[in-house]
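Hello,

Here is the structure for you to look over. My notes follow below it.

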Amino acid sequence: MNKLLLRLARMFDPILIKAGVNTDQLHHILAVKLTMDDRRPRTLFAKKKTATSNSGNPILTILFSMLMGLVLAMILFYGEGPLSSHTFFFSIFIILLCFTIVTDFTSVLIDTRDQFIILPRPVDDRTIAVSRIAHITVYVIKWAFVLGLPAIVLAGVADKSFLSPFVMLIEVLQATFISVLIVNLVYLAMMRTMDPQRFKDLINYFQIAFSTLIFATYYLLPRLVDLKALAKINLLEHTWAYFLPSVWISAFNYVFIHPGQLTLPVIILALMALVVPMVGIWFVIKVLAPGFNQKLMALSTSDGNTSAPRSIKTYDKQDLRDKIGKMVAPDPVENAGFSISWKLAARSRDFKLKAYPSFAFVPILFLYMALSGGKGQSLDDKLTNIQSGSAYFSLLYLSSIILTSMLTNIAMSEKFKAAWIYYAVPVDKPGRILSGMFKAVLTLYYLPFYMITAIGVAVVWGPATINDAILAFFICLIYGVLVALFGVKGLPFSKPVVVKQSGGKVIASMATLILVGILGVGHYFLSKWELAIWIVIVPIAAIAWIMIVQYKKTSWMDLESLDESEAIEKPKKIKKPTKQTI
Amino acid sequence: MNDTPLIRISNLQKYYGDKLVLKGLDLDIYPGQVIGYIGPNGAGKSTTVKILTGLIPDFKGEVIVDGINMAQDPQGIKKLIGYVPENAEIYDVLSPMEYLDFIGKLYGMEEHLLHDRAKKLLTAFGLGDNINNRMDTFSKGMKQKVLLISGIIHNPKIIVLDEPLSGLDANAVIMIKELIVRLKAEGKTVFYCSHMMDVVEKVSDRILLIDKGKIIADGTFESLKQDHSDTLEGIFAKLTGREGSGTEADAIINAFD
């Protein structure tokens, strides 16, 4: 597969040579990068691999992508105005591709390792920049093809034309090129104007916002927008439509499928679909790529001592969080666990990317659940219904998503090797560090969010909900400790990032969910009697407290036995060079 | 020794923002010299090396290597230089052979020659049994050896070594020292950066000491000794103003009281 794609890439050689790229070097770089991807180290790039067809379980991923593509292909049968079905399809398709590139390939695009390996060799900026773009394109094409295959087949049915699948194949390629181009343009432009540290942060928040947006669109869009009106839209009447790449692609399709009804605007749009990817790539190579590596160089050295000018943050002040830490975790070891957890959590981009979207998931899922059902009602009616009912239960309990996502991610880090320190210091019980970690997540992330939610609930549904909020909090707390016990894989930021979850863990987390579900349902039935809720708070709070105390007693033995279920090497074991044949 | 300098650096300045890191460096290096380049952390040492190896293109002043101007043809200069960087980044999912194959081809080497040379070099460095094993199982020293080979695989005129001994055992250190002497005999120019004063003292013909962006000492070890101190360590401490290391140590011990 890779060989085939490499050969295909050779087709672009004449253009690339004209743009000043050393194509021989380009192909050597590309070949090596693809070989390396096939042999990714076990953990480091696991995140990246999941989205590509080259993942740990390729067949499953391919099947899943195909299924997604099948759902997507249904859009082709939808839409009545001219150009609309293909426009809708490719709008979503391009957004999906861009999203994949941003989340999975940012590391490839700004890989600073190349600075020390390739750049000292006689390779110029352009060639390196193009090799990166080509590397990403190869992956995205593979994925786009899998994702687009159902649509390619079904396009023939939708358009009632034998020609359609072939045109569709070209359209998928165009969409791929345009997606790669969009991301590259944005990144390169951002790098030109921003200093490296801010760029990294911005990318991070961009990724967070983007994944939240996708999630929100998926759940909420069909419930908020009138799809029937959208289907009848005549795109050619709107000026903005002329600037949408998906409209260009759609027009390209139109030219082949309805050659009898061509108008000048459609022909121009169709030409855009052909010309823009070419011109765009030329522009990236010629204008933006030179100097790209220089910026990258700054990116790689900005972590070291010879940094570009930027106001260096000093961290010598005690802030509120330190004070909270002293209050809730007075024991020195526990306090250390508390501090290290929130400090690393607040500064680690990787953690933020994984855990922060959960803050948005809570309201999104709540709205999704609340707006579902009640067919035929208008949006306003539905919103009034929410307020009169007892939907706030789901809102309060949904907040536990934050605990889950924080706790399951906090043990993992790309710099997990630094965790050797836990094994080198004389700590009798790792539970002390763990409980510090738990308290940090609880007081600094969960509690503020929960309080705002609870106040919001009290405002909307009335003060009678206060006792419910308190009870739900302690039940979520119990859930949190259980997640920490069974779901968390170790000390804060001490494990390599892995995607797979071992079977035992899944069962444990299912059992946890069911238990909390039972408690929550019990709470719901009890809610008729206000006094009963107040009384039940006492034992539940006591149980939560006892569990935290017990959690603090986690011994090294317990931690080890947790580790055993996984085949991950522990940081304290020294790696020995073992012979290995390929 | 030749009269025309192989490397000519004149009035080299480098800003990071407003901060002037290199304050007008002037330097002539002749073929066949082994240059020991030393200096305290943050003195501008690695900036000089990165400019010389073409990694930092925006600088003021002139860098001319073998008649080629860095500002005009950095790729031409890169071909002449073999660089072993300090932070040992390597594609460790590849085998040494694959890695060297890749690097060599970036230099445009012909495959047959490249493979032959890579095999010989790997064997000579004691990695003969591991030629086709993936490097992620390698020890730090083994990876360092592969990096060293990748720096000389294209038979460069100039070899820039930045802290090349890190992670190597005593035997390997002796071997590298011997190697430097032999490279010199072959007429290669070696630019050697290190914090290990005893090694620099032994291998270098000419020692350059940089501090705060300026070269503050330049000469053979013998000539520096006459002016300053008996050991290179002493010279270094004296010239970079850290002579009071005794009082510093005192202050450290006193902190426990």
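**Sheet in chain B**

Val65(B) has Ile68(B), in S5(B), as its bridge partner. Please keep in mind that this is a predicted model. Strand S4 of chain B covers residues 60-65, and 2 bridges join it to S5(B). The two strands run antiparallel.

Both belong to an open sheet of 4 strands in chain B, ordered S2-S1-S4-S5. Pairing in this sheet is antiparallel. Which strands stand at the edges? They are S2 (19-29) and S5 (68-69) of chain B. Each has a single partner strand, so one side of each lacks a neighbour in the sheet.

**Nonpolar cores**

The largest nonpolar core has 94 residues. Those with the most contacts inside it are Ile118(A), Val63(B), Tyr91(B), Tyr99(B) and Phe191(B).

What does Tyr99(B) touch, leaving aside its neighbours within four places in sequence? From chain A, Ile117(A) and Arg121(A) are in contact with it. From chain B, the contacts are Glu89(B), Ile90(B), Tyr91(B), Leu94(B), Met135(B), Val146(B), Leu147(B) and Ser150(B).

There is also a second, separate core of 74 residues. Its members include Ile386(A), Leu395(A), Leu482(A) and Ala541(A).

**Cysteines**

How many disulfides does the structure hold over all chains? The count is 0. Two cysteines are worth a look for burial, for which the cut-off is under 20% relative accessible area. Cys98(A) has 10% relative accessibility, so it counts as buried. Cys476(A) is at 1% and therefore counts as buried too.

Best regards

Key:
Residues are numbered from 1 along each chain as its sequence is written. Chains are lettered from A and ligands numbered from 1 in the order in which they are written. This is a predicted model: local features need pLDDT of at least 70, side-chain atom pairs count only at pLDDT 80 or more; totals for chains, interfaces and linings use all residues. Side-chain values use heavy atoms; hydrogens and water are left out. A nonpolar core is a set of buried Ala, Val, Leu, Ile, Met, Phe, Trp, Tyr and Cys residues joined through side-chain atoms within 4.5 Å. Buried means under 20% relative accessible area, exposed over 50%, partly exposed in between (1.4 Å probe, protein chains only). Contact means heavy atoms within 4.5 Å. A disulfide is a pair of cysteine sulfur atoms within 2.5 Å. Two strands pair if DSSP finds at least two bridges between them.
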